[in-house]
Amino acid sequence: MKKIIMTGTLAALLTFGGLLVPALAGPVDVVVESAWSRASIGMNRPGAAYMTIRNTGDEPVTLIGLSTPLAMMPEIHETKTNAEGVSSMSAAGEIAIAPGESVALEPGGLHAMLMRLQQPMTEGETFPLTLLFVDGREVTVEVPILGIAARGPED
């Protein structure tokens, strides 16, 4: 009986201790702040998510994609406006974030485009959004869904 208790205690300590070990450099050094999204009207139109991604490490990190169970085609898009005032969106591709720098995903600029929604984005709910990095590491953030007219995370 004593051996079983000690084994269980040891397993618990090793599990807890593993949580305290610092992770390797790279996306572990990525801090996601002020994540938010707007509620959708049904599922016919894409949703979007916004946040600030900060590299607190000593090495550059490169964001290469997104994953979420909420949308079949999540991508980072960029909105650009030409000289005539016409705006368009396109996939942004890889996004390098230098050490000590940050990238803002915000309305009217870079943003997480959530295409082919699998369910409506309902105000008051949240969804997981995983940032995928070139070295294979991932950072997952829980994104709150605000009202349809929200203009920022403080709304």
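## Strand E2 and its partners

In which sense do strand E1 and E2 pair, and over how many bridges? In this predicted model, strand E1 (residues 30–38) pairs with E2 in the antiparallel sense, and six bridges connect them. One position that illustrates the register is Val32, which stands opposite Ile53 in E2.

Strand E2 spans residues 47–55 and is mostly covered, with seven of its nine residues buried. E2 also runs antiparallel to strand E8 (residues 110–117), to which three bridges join it. Here Ala49 faces Ala112 of E8 as its opposite residue. A further antiparallel pairing links E2 to strand E7 (residues 102–105) through four bridges. In that pairing, Arg54 has Ser102 of E7 as its bridge partner.

## Overall composition

The chain contains one helix and ten strands. In sequence order the helix comes ahead of the strands, giving the pattern α-β-β-β-β-β-β-β-β-β-β. The chain has 155 residues, and 34% of them count as buried. Its accessible surface amounts to about 9,400 Å², and carbon and sulfur atoms account for 57% of that area.

The contact pattern can be described by sequence separation. Of the contacts between residues at least 6 apart in sequence, 67% join residues at least 24 apart.

## Nonpolar cores

The largest nonpolar core comprises 29 residues. The residues with the most contacts inside this core are Ala49, Met51, Ile53, Leu114, Phe127 and Leu129. A second, separate core has five residues, among them Trp36, Ala48, Tyr50 and Ala150.

For Met51, the contacts beyond its neighbours within four places in sequence are with Val32, Glu33, Ser34, Ala35, Val103, Ala104, Leu105, Leu129, Leu131 and Val141. One of these partners, Leu129, is also listed among the residues with the most contacts inside the largest core. As a general point, the side chains of a regular strand alternate between the two faces of the sheet.

## The aromatic pair

The count of aromatic pairs comes to one. The ring centres of Trp36 and Tyr50 are 4.6 Å apart and the ring planes lie at 35°, so the pair is classed as tilted. Because Trp36 belongs to strand E1 and Tyr50 to strand E2, the pair ties together parts that are 14 residues apart in sequence. Trp36 and Tyr50 are both buried.

## Strand E4 and its surroundings

Strand E4 (residues 71–81) contains His77. Seven bridges connect E4 with E8 in an antiparallel arrangement, and Pro74 stands opposite Leu114 in E8. E4 also pairs with E5 in the antiparallel sense, over five bridges; in this pairing Glu78 stands opposite Ser90. The hairpin of E4 and E5 has five residues between the strands, and within this hairpin Gly85 takes a positive phi near 85°.

Is His77 buried or exposed? Its relative accessible area is 9%, and because buried means under 20%, His77 counts as buried. The side chains of His77 and Glu75 are joined by a polar contact of 2.7 Å. Outside its neighbours within four places in sequence, His77 is in contact with Met89, Ser90, Ala91, Ala92, Gly109, Leu110, His111, Met113 and Met115.

## Thr130 and Gly93

Thr130 is located in strand E9 (residues 126–133). With a relative accessible area of 12%, Thr130 is buried. A polar contact of 2.8 Å connects its side chain to that of Thr140. When residues up to four places away in sequence are not counted, Thr130 touches Gly65, Leu66, Ser67, Glu138, Val139 and Thr140. Thr140 therefore appears both as a polar partner and in the contact list of Thr130.

Gly93 has its place in the loop between strand E5 (87–91) and strand E6 (95–97). Its relative accessibility is 45%, so Gly93 counts as partly exposed. Not counting residues up to four places away in sequence, Gly93 touches Leu63 and Ile76. Gly93 and Ile76 are 17 residues apart along the chain, and their C-alpha atoms are separated by 7.2 Å.

Conventions. Residues numbered from 1 in each chain as written. Predicted model: local features only at pLDDT ≥ 70, side-chain atom pairs only at ≥ 80, totals over all residues. Heavy atoms only, no water. Helix = DSSP H or I, 4+ residues; strand = E, 2+ residues; numbered from the N terminus. Buried < 20%, exposed > 50% of the residue type's maximum accessible area, 1.4 Å probe, protein only. Contact = heavy atoms within 4.5 Å. Areas by Shrake-Rupley, 256 points an atom, 1.4 Å probe, with all protein chains shown as cover. Pairing = 2+ DSSP bridges. Core = buried A, V, L, I, M, F, W, Y, C linked by side-chain atoms within 4.5 Å. Phe/Tyr/Trp six-rings, centres within 6.5 Å; stacked < 30°, edge-to-face > 60°. Polar contact = N/O pair within 3.5 Å; in protein donor to acceptor, adjacent residues only side chain to side chain.
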